[in-house]
Amino acid sequence: GIVGYVGKRNAQDVLLDGLEKLEYRGYDSAGVALALEGGIRVVKSKGRLAELRKRLAVEALARSGCGIGHTRWATHGAPNIINSHPHVSENGKFAVIHNGIIENYVEIKEFLIGQGIRFKSETDTEVVAQLLEFYYNECHDFLEAVGRVLRRIEGAYALGMLCADCPDRIIAARKDAPLLLGYGKGCNFLASDVTAIIRHTRDIAYLDDGELAILSA
């Protein structure tokens, strides 16, 4: 399950509420990434959402108005914290959540390892985060880097992406996996299922295949 929020409220609360509404889909791990002044902070846990809440209470992160959250069923790699979403790039510049499958991830991973990039997880999703940072280091533009990634990857995806240099926005993209936008007053939402955001807004739009969205407050 995917949830994203950008606006004036505490993103952590909105994300946890949304992830709770997606529990019915089943999952074995959960996590959130928040855009903070010092960069992106990611907190993840194995098991139920209650475990993630406990970890977040211990972390006591600063308030953020922009973040993404995810609940995961293990497909690539064991159900553990390292393989859970959000995934981050090597230098922590990007955080990514993903539903679907990157079919050519092995080829991309081998290419990036050849460039000296070190991977932490066994997942197909991590290649998206690492490839984003690789292209961003070339072009220094978040949207352009996303475009390059989307032209490179093959498969099905609903993606939510954060960049530490653009802490006031989320970029989302869809191909063969459900993803929708929710419109609020001074805030906007991202979700894989309307149940995650229905308490906040009834004004929604479903992304079509090949569409990309930039969410800001």
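Here are some questions and answers about helix packing in this predicted model.

Residues are numbered from 1 along each chain as its sequence is written. In this predicted model, local features need pLDDT of at least 70 and side-chain atom pairs count only at pLDDT 80 or more, while totals for chains, interfaces and linings use all residues; side-chain values use heavy atoms, with hydrogens and water left out.

Reader: Happy to start at helix 1: how many of its 11 residues are buried?
Author: Helix 1 covers residues 11-21, helices here being DSSP runs (H or I, at least four residues) numbered from the N terminus. Buried means under 20% relative accessible area, with a 1.4 Å probe and protein chains only. Ala11, Gln12, Val14 and Leu15 are among the buried residues. The helix is largely enclosed by the rest of the structure, because the number buried is 8 of the 11.

Reader: Is Asp17 of helix 1 buried or exposed?
Author: Asp17 lies in helix 1. Its relative accessibility is 12%, so Asp17 counts as buried.

Reader: Which side chain makes a polar contact with the side chain of Asp17?
Author: Leaving aside neighbours within four places in sequence, Asp17 is in contact (heavy atoms within 4.5 Å) with Arg53, Arg199 and His200. A polar contact is a pair of N or O atoms within 3.5 Å, where one must be able to donate a hydrogen and the other to accept it. At 3.0 Å, the side-chain partner of Asp17 is Arg199.

Reader: Nice! How is helix 1 oriented relative to helix 2, roughly parallel or roughly antiparallel?
Author: The axes, lines fitted to C-alpha atoms over the stretch in contact, come within 11 Å and cross at roughly 170°. Angles over 145 degrees count as roughly antiparallel. That makes helix 1, relative to helix 2, roughly antiparallel.

Reader: And which residues of helix 2 make the contact with helix 1?
Author: Helix 1 brings Gln12, Leu16, Asp17, Leu19 and Glu20 to the contact. Its partners from helix 2 are Leu49, Leu52, Arg53 and Leu56.

Reader: Turning to helix 3 and helix 4, at what angle do they pack?
Author: Helix 3 spans residues 105-114 and helix 4 residues 126-139, with axes 10 Å apart. Helix 3 is oblique to helix 4, a class left for angles outside under 35, 65 to 115 and over 145 degrees. The packing angle is about 45°.

Reader: Lastly, which residues of helix 4 make that contact?
Author: From helix 3 come Tyr105, Ile108, Lys109, Phe111 and Leu112. From helix 4 come Val127, Gln130, Leu131 and Phe134.

Notes. Axes fitted to C-alpha atoms, helices over the stretch in contact; angles between N-to-C directions. Helix = DSSP H or I, 4+ residues; strand = E, 2+ residues; numbered from the N terminus. Buried < 20%, exposed > 50% of the residue type's maximum accessible area, 1.4 Å probe, protein only.
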